[in-house]
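Here are my notes on this model, as numbered points. They cover a strand residue, a surface patch and the aromatic rings.

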Amino acid sequence: LSSKIPKNMPYFSVEFGLQGGFAHVIENEGAWSKHFGVDILAGLLRKDAEIIKRERSDIAHERRLCEMFKAGFEQFDWTKA
């Protein structure tokens, strides 16, 4: 992207794995919604963007969820064998 977008120009980008992606230059940051990405994702998922924006938790809760997830796969961790 650095060869396509001017230096210090704000932009929004999404990548689709190895198939490339999409980039959009933000010409007027004042008029740009900070929730643009969430709004697009909500539309793709056919969900209400306001619900997605509210479904956030604190970092301690996220860490607990991560540790629980890791514990479920501990028996398969070949690095501890």
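1. Val 25 sits in strand 2, which spans residues 21–25. Bear in mind that this is a predicted model. The relative accessible area of Val 25 is 30%. That value makes Val 25 partly exposed, because the class lies between buried, under 20%, and exposed, over 50%.

2. Val 25 also belongs to a nonpolar surface patch. Its partners there are Leu 1, Met 9 and Tyr 11. Together, the four residues have about 320 Å² of accessible area.

3. Now the aromatic rings. How many aromatic pairs are there? The count comes to 4. One of them joins Phe 69 and Phe 73. Their ring centres are 5.0 Å apart, and the planes meet at 45 degrees. This pair is tilted.

4. Phe 73 also pairs with Phe 76. Here the centres lie 6.4 Å apart, with 55 degrees between the planes. Why is this pair called tilted? Its angle is neither under 30 degrees nor over 60, so the pair is classed as neither stacked nor edge-to-face.

5. Are the rings of these pairs on residues that are buried or exposed? Phe 69 is exposed, at 56% relative accessible area. Phe 76 is exposed too, at 57%. Phe 73, which pairs with both, is partly exposed at 45%. The cut-off for exposed is over 50%, so Phe 73 falls outside that class.

6. A separate point concerns Phe 12, Trp 32 and Phe 36. Ring pairs link these three residues into a cluster.

Definitions and conventions
Residues are numbered from 1 along each chain as its sequence is written. This is a predicted model: local features need pLDDT of at least 70, side-chain atom pairs count only at pLDDT 80 or more; totals for chains, interfaces and linings use all residues. Side-chain values use heavy atoms; hydrogens and water are left out. Rings of Phe, Tyr and Trp (its six-membered ring) pair if their centres lie within 6.5 Å; planes under 30 degrees apart count as stacked, over 60 as edge-to-face and the rest as tilted. Buried means under 20% relative accessible area, exposed over 50%, partly exposed in between (1.4 Å probe, protein chains only). Patches are made of residues with over 30% relative accessible area and no salt bridge: like charges are joined within 9 Å, nonpolar side chains (Val, Leu, Ile, Met, Phe, Trp, Tyr) within 5 Å. Accessible areas come from the Shrake-Rupley method with a 1.4 Å probe; for residues, only the protein chains shown count as cover. A salt bridge is a side-chain nitrogen of Lys or Arg within 4 Å of a carboxyl oxygen of Asp or Glu. Helices (H or I, at least four residues) and strands (E, at least two) are DSSP runs, numbered from the N terminus.
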